[in-house]
Amino acid sequence: MKTVYITRRETFNAAHKLYREDWSEQKNWEVFGKCSNHNWHGHNFELIVTVKGIPDPETGFSYDLKQLGDLIKSEIIDKVDHKNLNLDVDFMEGKLASCEILVMEFWKILAPKIKETSETATLHKIHLIETNKNSVEYFGE
């Protein structure tokens with residue numbers, strides 16, 4: 001059997017700021033610009049999760065898309081939607097709330113859960129879209 005890639009898209013809204021407490025306000029502004037605003041800023045994020053696997057001969061699924069959606073919602077969306085990523089999200093505590101860091105944290109949560117629930121499927125890619133101009137892809141490397 002051949003490997004098949006399936007993709008699930010979810011959305012969430014969240015606020016954050018890019019700011020390092022160990023830097024001066026001027027250095028934060030020079031590096032992060034308006035994203036370091038003291039009053040935060042928000043995005044309508046798109047989270048796109050791709051799983052690869054071999055289709056089951058009985059169901060035809062390489063991974064059940066409903067199960068994937070439920071997993072993403074319970075493990076990620078419910079924890080970040082309408083939240084401040086810097087203040088309200090436990091797995092982001094003490095971390096810079098950049099999309100790069102965020103997508104790697106998502107991977108740490110989802111990869112083992114997918115592996116636990118399937119004998120053949122694994123997390124292949126997470127694509128996080130912050131704006132229509134900016135996005136991040138992560139392959140767990």
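**A walk through the fold, starting at a pocket**

The lining of the largest pocket mixes 6 nonpolar, 2 polar and 5 charged residues. That makes a lining of 13 residues. Nearest the centre of this pocket lie Y19, E21, N86, K95 and L96. The pocket holds about 250 Å³ of space. Keep in mind that the model is predicted.

Now step back to the whole chain. The protein chain has 141 residues. Its C-alpha trace spans about 60 × 25 × 25 Å along the principal axes. Its secondary structure consists of 3 helices and 5 strands. Read from the N terminus, these elements follow the pattern β-α-β-α-β-α-β-β.

How do the strands come together? They form an open sheet of 5 strands, with mixed pairing. Across the sheet, the order is β3-β1-β2-β4-β5. The edges belong to β3 (83-84) and β5. Each of these two has a single partner strand, so one side of each is left without a neighbour in the sheet. In general, strands of a sheet pair through backbone hydrogen bonds, and the pairing is either parallel or antiparallel.

Take the pairs one by one, beginning with β1 and β2. These two strands are antiparallel, and 13 bridges link them. Residues show how they line up. Y5 has K52 of β2 as its bridge partner. A15 sits opposite G42, again in β2. On to β1 and β3, which run parallel and are joined by 2 bridges. Here A14 is matched with K83 of β3. Next come β2 and β4. They run antiparallel, with 7 bridges between them. Within β4, I126 is the bridge partner of V49.

What packs in the interior? Of the residues of the protein chain, 43% count as buried. The largest nonpolar core contains 34 residues. Those that touch the most other members are F12, L47, V51, F106, L110, L123 and L128. Strands and helices both feed this core. Two or more residues come from each of β1 (4-16), β2 (41-53), α2 (65-80), α3 (99-116), β4 (122-129) and β5 (135-138). The largest share is that of α3, with 9 residues.

L123 gives a close-up of the packing. Which residues does L123 contact, leaving aside its neighbours within four places in sequence? The partners are V49, T50, V51, W107, L110, A111 and I114. V49 is also the residue that bridges to I126 in β4. V51 and L110, like L123 itself, are among the core residues that touch the most other members.

How much of the contact network links residues far apart in the sequence? Take the contacts in the protein chain with a separation of 6 or more: residues 24 or more positions apart account for 69% of them.

One more stop remains, the second largest pocket. About 190 Å³ of space lies there. Its lining includes I54, D56, T59, F61, S62, Y63, D64 and Q67. T117, S118, E119 and T120 also belong to the lining. By type, the lining residues come to 3 nonpolar, 6 polar and 3 charged. Set this beside the largest pocket, where the tally is 6 nonpolar, 2 polar and 5 charged.

How values were computed. Residues numbered from 1 in each chain as written. Predicted model: local features only at pLDDT ≥ 70, side-chain atom pairs only at ≥ 80, totals over all residues. Heavy atoms only, no water. 1 Å grid on protein atoms, 1.4 Å probe; cavity = no way out; pocket = protein on both sides within 12 Å on 5 of 7 lines; lining within 4 Å. Points joined across faces, edges and corners; volume = space filled by probe spheres on them. Nonpolar A, V, L, I, M, F, W, Y, C, P; charged D, E, K, R; others polar. Core = buried A, V, L, I, M, F, W, Y, C linked by side-chain atoms within 4.5 Å. Buried < 20%, exposed > 50% of the residue type's maximum accessible area, 1.4 Å probe, protein only. Helix = DSSP H or I, 4+ residues; strand = E, 2+ residues; numbered from the N terminus. Contact = heavy atoms within 4.5 Å. Pairing = 2+ DSSP bridges.
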